[in-house]
Amino acid sequence: AVADVDTFSGTPTAVLSNAHTLAELKAINNKIDGTITLNDYTVALSGSSADIADALSGTFAAQYTGNVTTNNDHTLAQLKTINDQTSGIITLDNKAVVLSGTLVELDDALDGQFAEAYTGNVTITNAAGQTITAGDLNNFTTRTSGTRTIQNAINITGTTISLDQVCDNFIASTANFQTSDAHTLAQLKKINDETSGTITLNNYS
């Protein structure tokens, strides 16, 4: 019935008295701007990435916990919405979809419970000049086993060991590196081989 209504005034809410289908939840969410109270937050959803993201993008009275299964390729935005909105297990139709976005966006999309480990290549698109710690980058490496590329000349800061780990885990050919401790010859060589960007040392002696 909600899907048949063209407009609502104010900020309407909805309370469901029985379990929903994907199509029903999508229709309700597309019409209701207020809080949606579900009868069952564990309902498993299966369908296209767009439909599932639309169904889960609303404001729910409690955490959605149902498992999700997609039947087509997803976008970064769709995967981020799905992952943000359910604590259930996410089964992707294609775990190798290439993703591109900021480190925060990619991490939000990939930090959920996946039925299988993600294998897609990712490109981190943070703007040149932005600073990201080596620790944050290295923590992200658990999200996907695919190739991880840093697109722009961002500034990467950290200990020499952590910066060397970035060199192992990412393609960072134009990034700037700044060390927070003394380096060894081998460590400095690895960083220098990795990038054409600026290298700022903690100790030049």
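This is a conversation between a biologist and a modeller about how to read the sheets, helices and charged residues of a predicted model.

Biologist: Before we start, what should I know about the numbering and the model?

Modeller: Residues are numbered from 1 along each chain as its sequence is written, and side-chain values use heavy atoms, with hydrogens and water left out. The model is predicted, so local features need pLDDT of at least 70 and side-chain atom pairs count only at pLDDT 80 or more, while totals for chains, interfaces and linings use all residues.

Biologist: Okay, sheets. In what order do the four strands of the open sheet stand?

Modeller: General idea: helices (H or I, at least four residues) and strands (E, at least two) are DSSP runs, numbered from the N terminus. Two strands pair if DSSP finds at least two bridges between them. Here the order is 10-12-13-14, and the pairing is parallel. Strand 10 (131–133) and strand 14 (199–200) are at the edges with a single partner strand each, so one side of each has no neighbour in the sheet.

Biologist: How many bridges join strand 10 to strand 12?

Modeller: Three, with strand 12 covering residues 155–158. Look for Thr131, which sits opposite Asn155 in strand 12. Strand 12 then pairs with strand 13 over four bridges, in the parallel sense, and Thr157 has Gln178 of strand 13 as its bridge partner. Carry on from Gln178 and you find Thr200 of strand 14 opposite; two bridges join strands 13 and 14, again parallel.

Biologist: Which hand do the connections have?

Modeller: To judge that, point the strands away from you: a crossover is right-handed if the path from the first strand over the helix to the second runs clockwise. Strand 12, helix 6 and strand 13 make a right-handed β-α-β unit. From strand 13 the chain goes through helix 7 to strand 14, and that β-α-β crossover is right-handed too.

Biologist: Which residues of helix 6 are buried?

Modeller: Buried means under 20% relative accessible area, exposed means over 50%, and partly exposed is in between (1.4 Å probe, protein chains only). In helix 6 (residues 160–169), the buried ones are Thr160, Ser162, Leu163, Asp164, Val166 and Cys167. For the spacing, remember that an α-helix has 3.6 residues a turn, so residues three or four places apart point the same way. Contact means heavy atoms within 4.5 Å, and the cover over those buried residues includes helix 5 (134–140), strand 12, strand 13 (176–179) and helix 7 (185–194).

Biologist: There's another sheet, right? What is the strand order in the three-stranded one?

Modeller: That open sheet runs 1-2-4, with parallel pairing. Strand 1 (14–15) and strand 4 (59–60) are its edge strands, each pairing on one side only. Two bridges join strand 1 to strand 2 (residues 35–37), and Ala14 has Ile36 in strand 2 as its bridge partner.

Biologist: Now charges. How many salt bridges are there?

Modeller: The rule is a side-chain nitrogen of Lys or Arg within 4 Å of a carboxyl oxygen of Asp or Glu. The count comes to seven. One of them joins Lys26 and Asp51, at 2.7 Å from N to O. That pair links distant parts of the chain, Lys26 being in helix 1 (residues 22–31) and Asp51 in helix 2 (residues 49–56), 25 residues apart. Lys26 is partly exposed at 24% relative accessibility, and Asp51 is partly exposed at 26%.

Biologist: Which residues are linked in a network of salt bridges?

Modeller: Lys80, Asp84 and Asp108. Within it, Lys80 and Asp108 meet at 3.9 Å, N to O. Lys80 belongs to helix 3 (residues 76–85) and Asp108 to helix 4 (residues 103–110), 28 residues apart.

Biologist: And Arg148: is its side chain buried or exposed?

Modeller: Buried, yet without a salt bridge. With Lys and Arg counted as positive, Asp and Glu as negative, and His and the chain ends not counted, the nearest side chain of opposite charge is Asp168, 9.6 Å away. Arg148 is in strand 11 (residues 148–150). A polar atom of the Arg148 side chain lies 3.4 Å from the backbone oxygen of Thr141. Leaving out residues up to four places away in sequence, Arg148 touches Val122, Phe140, Thr141, Asn169, Phe170 and Ile171.

Definitions and conventions. A polar contact is a pair of N or O atoms within 3.5 Å; within protein, one must be able to donate a hydrogen and the other to accept it, and residues adjacent in sequence count only if both atoms are side-chain atoms.
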